[in-house]
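Student: I am new to this structure and would like a close look at a single part of it, the aromatic rings and how they pair. Please take me through them slowly, and then show me what else is worth following from there.

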Amino acid sequence: MSAPPELRSIPVGIDATGTRTEFDSMGSVEVPADRYWGAQTQRSLEHFAIADDRMPIAVYRAYGVVKKACALVNAELGVLDGWKADAIVAACDEVIAGKLDAHFPLYVWQTGSGTQSNMNVNEVVSNRAIQLLGGALGSQQPVAPNDDVNMSQSSNDTFPTAMHIAIECELTERLLPELGALADLMEAKAGDWMDVVKIGRTHLQDAVPVTVGQEWMGWVGQLREAILAVEQAREGLYELALGGTATGTGLNAPEGFSMKSAAKIAELTGRPFVTAPNKFAAQGSLDASVRVSAALRGVAVAVMKIANDIRWLACGPRCGIGELKLPDNEPGSSIMPGKVNPTQCEAIVMIAIQVIGEDTATAFAGSQGNFELNAMRPIVVNNVLHSIAILADGCEKFRKYSVEGTQLDRERIDGFVENSLMLVTALAPHIGYQAAAHIAEGAAANGTTLREEALKSGKVSAEDYDRFIRPADMVGRGLGGA
């Protein structure tokens with residue numbers, strides 16, 4: 001037996017022009033000579049060139065982790081030669097590092113199991129491993145895409161595994177930190193403004209006083225609850241389908257493969273991944289991803305409410321509410337000089353609308369599993385990863401370019417408090433609801449102040465009015481109120 005080829009140090013890239021002949025079980029296909037992909041990837045590019053929606057690169061980098069873990073475990077279990085595993089691992093490390101991103105061109109709209117993206121990874125890793133071993137690209141020797149890179153695996157268990165890894169990483173590394181930073185900043189501002197009394201509003205109408213800090217803490221509470229929901233939904237991602245192979249039975253995978261591969265992925269990522277105890281549920285459904293999407297919808301609902309409140313409170317500057325002064329980031333109109341708009345708030349609202357729409361599609365896709373497989377995976381992972389990306393980036397920009405520089409117009413806030421008719425609520429315990437209502441109605445009808453109408457009614461003296469109508473005493477005892 002000849003010695004196995006040695007692993008070489010060869011920079012990423014193929015110095016070639018024209019095409020190269022690759023093959024699969026259906027025959028030969030010409031592929032671009034400067035690309036690592038093979039026949040099945042090329043077939044998919046031709047058959048599914050639909051719009052320009054490409055499979056998110058995060059899926060492929062996660063797939064690099066999956067293929068690396070599988071190669072290591074297969075070698076450990078004695079079903080894959082160690083030197084082959086080393087070459088596969090070397091290629092996978094480049095996938096994980098993003099060095100081979102340009103070789104993953106496939107569209108979202110492909111087979112619902114993600115088979116073509118799985119084969120794209122298999123082919124790229126195979127050809128790069130062959131190159132590192134000094135072999136001929138396209139030969140499938142000495143590292144074959146199916147027999148070696150895909151050993152002990154199926155698209156049906158690797159794609160949902162890559163989905164979970166990709167989504168978990170994006171949640172943990174991108175979205176949750178940005179949501180936390182936004183909540184922290186808003187909480188700090190709430191603390192600074194906790195004693196600033198302002199008029200509350202219900203039904204878009206004047207209501208009894210609150211403080212600016214209390215209002216902002218309401219938004220902070222929404223964000224904290226949304227973060228908690230995302231963290232809870234994330235737990236379902238830690239169960240991996242890997243090891244179930246085609247239908248959940250584990251056919252063609254060696255004994256112990258599922259547990260060892262999940263443990264290896266946990267080791268490689270530093271995350272608490274485990275093998276799914278029920279592979280039939282893991283492969284026949286997309287429930288974990290659907291729950292994450294629902295949590296993202298919750299984030300969208302919260303940030304939309306916050307952004308809308310802020311832009312309403314900042315509307316003006318002369319003819320609106322105008323309690324908040326937002327940073328002037330860019331000119332707001334091509335025809336009206338000097339106009340500045342709440343653009344960051346508008347962007348957040350649009351992002352939230354998009355996320356809610358993507359969640360609707362994701363939920364519907366999650367319901368479309370048939371028997372041992374849900375074949376709607378590409379749309380789900382694309383939607384979830386896109387929602388994470390736009391929420392994370394949107395919250396970052398909203399924090400930096402809107403919330404951070406937001407200031408109060410104290411004169412306007414104080415003026416609204418002084419002129420509010422709903423301060424009359426403090427009189428109700430002393431003169432009764434009906435009498436207090438008549439005072440407010442009279443002030444509204446006559447264009448007079450609340451104090452003037454109260455004294456005119458004879459129901460309250462000037463001394464008692466000044467004692468009862470104290471806005472600072474009407475905001476409750478701290479955040480929880482009375």
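Tutor: Rings of Phe, Tyr and Trp, the last taken by its six-membered ring, are said to pair if their centres lie within 6.5 Å, and planes under 30 degrees apart count as stacked while those over 60 count as edge-to-face. The model in front of you is a predicted one, and by this rule the count in it comes to five aromatic pairs.

One of these pairs is made by Y60 and F104, whose ring centres are 4.6 Å apart and whose planes stand at 10°, so that the pair is stacked. Y60 belongs to helix α2, which covers residues 57–76, whereas F104 sits in the loop between α3 (82–96) and α4 (115–132), so the pair ties together parts that are 44 residues apart in sequence. Are these two rings buried or exposed? Y60 has a relative accessibility of 0% and therefore counts as buried, and F104, at 5%, counts as buried because buried means under 20% relative accessible area.

Another pair has a contrasting name: the rings of W193 and W216 have their centres 5.2 Å apart, and because their planes stand at 80° the pair is edge-to-face. W193 is found in the loop between α6 (155–192) and β3 (197–202), and W216 in helix α7, residues 212–234, so this pair ties together parts that are 23 residues apart in sequence. Both W193 and W216 are buried, and together with W219 they form one aromatic cluster.

Since helix α6 has now been named, it is helpful to look at S155, a residue that lies in that helix. With a relative accessible area of 8%, S155 is buried. Leaving aside residues up to four places away in sequence, S155 touches Y63, S113, T115, N118, P160 and R377. A separation of another kind is shown by S155 and G218, which are 63 residues apart in sequence and 45 Å apart in space when taken from C-alpha to C-alpha.

From rings and single residues we can turn to the backbone. Most residues other than glycine have a negative phi, and most peptide bonds are trans. With that in mind, consider the peptide bond from Q141 to P142, which is cis, with omega near 5°; P142 is placed in the loop between α4 and α5 (145–149). A cis peptide bond also joins G316 and P317, where omega is about 10°, and P317 is placed in the loop between α10 (287–313) and β7 (324–325).

Positive phi values deserve the same careful reading. A51 is a residue other than glycine, yet its phi is near 55°, a positive value, and A51 lies in the loop between α1 (39–47) and α2. At 60% relative accessibility, A51 counts as exposed, because exposed means over 50%. T245, although it is not a glycine, has a positive phi of about 50°, and its place is in the loop between β5 (239–240) and α8 (257–269). Unlike A51, which counts as exposed, T245 is buried, with a relative accessible area of 4%.

Finally, there are the helix contacts. Two packed helices are described by the angle between their axes and the distance between the axes. The axes of helix α11 (residues 343–366) and helix α12 (residues 377–403) come within 9 Å and cross at roughly 165°; angles over 145 degrees count as roughly antiparallel, and α11 and α12 are therefore roughly antiparallel to each other. Their crossing is left-handed, and by class the contact of α11 with α12 has 14 nonpolar, eight polar and two charged residues.

Helix α15 (residues 433–446) and helix α16 (residues 450–457) have axes that come within 8 Å and cross at roughly 125°, and α15 and α16 are therefore oblique to each other. In this case α15 passes α16 in a right-handed crossing. Which residues meet in the contact of these two helices? From α15 there are I439, A440, G442, A443 and N446, and these meet L450, E453, A454, K456 and S457 in α16. The residues of this contact of α15 with α16 divide into five nonpolar, three polar and two charged.

Technical notes. Residues numbered from 1 in each chain as written. Predicted model: local features only at pLDDT ≥ 70, side-chain atom pairs only at ≥ 80, totals over all residues. Heavy atoms only, no water. Axes fitted to C-alpha atoms, helices over the stretch in contact; angles between N-to-C directions. Helix = DSSP H or I, 4+ residues; strand = E, 2+ residues; numbered from the N terminus. Parallel < 35°, antiparallel > 145°, perpendicular 65-115°, else oblique. Left-handed = near helix turned anticlockwise from the far one by under 90°. Contact = heavy atoms within 4.5 Å. Nonpolar A, V, L, I, M, F, W, Y, C, P; charged D, E, K, R; others polar. Buried < 20%, exposed > 50% of the residue type's maximum accessible area, 1.4 Å probe, protein only.
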